[in-house]
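The following report describes a single protein chain for a reader who has its sequence and its three-dimensional structure at hand. Please look at both before reading on.

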Amino acid sequence: ARKRNDEQLGGVMALRTRWRETDGLIDPRALPPGQDLAAATPGWRCLDPYDSPIPGQEKGKLCAAYGACPSCPLANLNAQDAYSLARALQLKTRIETAQTVLPAERWLKVWAPRLQRLINYWLPRIQDPKVIEAASKLALDDLPELE
């Protein structure tokens, strides 16, 4: 029982550390039940958040690459979850908006490939009309701005 408690505490401490290190950008406290707390972007799931292939992420620490999930090979988006779809659509809008405020070179290098992956790979996988309708009815807080 003590070992289980230590493991749970370790997970909570890792989430808190990432929250602090990202200045609150990645905050799992507002996620609905059943969502992946370890994924860096709301609505996404991560197969191994402690071994992120995203450049700049440290092995052994929770991934803090907010918004990078669409282009990450370890990411997954649940096609049957309205919350995941709603957050993916919000991320799409955030990335498109970032194009107007970020330096062009930075946006083209970092965010354009993520947007293309989101549009061409992830969003077309969600086709269930019930999921799409449910996602359109969700009232969610805005995602934080990128960079």
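Which residues does L118 touch, not counting residues up to four places away in sequence? In this predicted model, L118 touches W44, P70, A88, L91, K92, L123 and P124.

**The nonpolar core**

L118 also belongs to the largest nonpolar core, which holds 35 residues. Together with W44, L91, I95, W107, W111 and L146, L118 is among the members that touch the most other members of this core. Two or more residues of the core come from each of the helices α2 (82-101), α3 (104-122) and α4 (129-137).

**Pockets and the cavity**

The open and enclosed spaces of the model may be set side by side.

| Space | Volume | Lining residues by class |
|---|---|---|
| Largest pocket | about 330 Å³ | 10 nonpolar, two polar, four charged |
| Second largest pocket | about 240 Å³ | 13 nonpolar, two polar, six charged |
| Largest cavity | about 80 Å³ | 11 nonpolar, one polar, one charged |

The largest pocket encloses about 330 Å³ of space. Its lining consists of 16 residues, and the closest to the centre are A65, R106, V110, W111 and R114. W111 is thus named here as well as among the core residues that touch the most other members.

The second largest pocket has about 240 Å³ of space. It is lined by 21 residues, of which L25, I26, D27, L31 and P42 are the closest to its centre.

The count of cavities of 30 Å³ or more comes to one. Its lining has 13 residues, and those closest to the centre are A40, C46, C63, C69 and C72.

**Two buried residues, A75 and S52**

A75 is part of strand β2, which covers residues 75-76. Is A75 buried or exposed? The relative accessible area of A75 is 11%, and a residue counts as buried under 20%, so A75 is buried. Beyond its neighbours within four places in sequence, A75 is in contact with W44, R45, C69 and W122. W44 therefore appears in the contacts of A75 as well as in those of L118. C69, another contact of A75, is one of the residues closest to the centre of the largest cavity. The C-alpha atoms of A75 and L138 are separated by 23 Å, and these residues are 63 places apart along the chain.

S52 is placed in the loop between β1 (45-46) and β2. With a relative accessible area of 7%, S52 is buried. What lies 3.1 Å from a polar atom of the side chain of S52? The backbone nitrogen of I54 is found at that distance. Apart from neighbours within four places in sequence, S52 is in contact with Q57, K59, C63 and L74. Of these contacts, C63 is also among the residues closest to the centre of the largest cavity.

**R87 and L140**

R87 lies in helix α2. At 5% relative accessibility, R87 counts as buried, because the limit for a buried residue is under 20%. Leaving aside neighbours within four places in sequence, R87 is in contact with P42, G43, L140, D141, D142 and L143. P42 is also one of the residues closest to the centre of the second largest pocket.

L140, one of the contacts of R87, is found in the segment after α4. Its relative accessible area is 26%, so L140 is partly exposed, a class that lies between the buried limit of 20% and the exposed limit of 50%. When residues up to four places away in sequence are not counted, L140 touches Y83, A86, R87 and Q90. A86 is 54 residues from L140 along the chain, and the C-alpha atoms of the two are separated by 8.2 Å.

**Two residues with positive phi**

Most residues other than glycine have a negative phi. Where does D23 lie? D23 lies in the loop between α1 (2-21) and β1, and its phi is near 55°, a positive value in a residue other than glycine. At 74% relative accessibility, D23 counts as exposed.

E147 has a positive phi near 55° and is likewise a residue other than glycine. E147 lies in the segment after α4. With a relative accessible area of 54%, E147 is exposed, since the exposed class begins over 50%.

How values were computed. Residues are numbered from 1 along each chain as its sequence is written. This is a predicted model: local features need pLDDT of at least 70, side-chain atom pairs count only at pLDDT 80 or more; totals for chains, interfaces and linings use all residues. Side-chain values use heavy atoms; hydrogens and water are left out. On a 1 Å grid over the protein atoms alone, a cavity is a set of points where a 1.4 Å probe fits but cannot get out, and a pocket is an open set with protein on both sides within 12 Å along at least five of seven lines; lining residues have an atom within 4 Å of a point. Grid points are joined across faces, edges and corners, and a volume is the space filled by probe spheres set on the points. Ala, Val, Leu, Ile, Met, Phe, Trp, Tyr, Cys and Pro count as nonpolar, Asp, Glu, Lys and Arg as charged, and the others, Gly among them, as polar. A nonpolar core is a set of buried Ala, Val, Leu, Ile, Met, Phe, Trp, Tyr and Cys residues joined through side-chain atoms within 4.5 Å. Buried means under 20% relative accessible area, exposed over 50%, partly exposed in between (1.4 Å probe, protein chains only). Helices (H or I, at least four residues) and strands (E, at least two) are DSSP runs, numbered from the N terminus. Contact means heavy atoms within 4.5 Å. A polar contact is a pair of N or O atoms within 3.5 Å; within protein, one must be able to donate a hydrogen and the other to accept it, and residues adjacent in sequence count only if both atoms are side-chain atoms.
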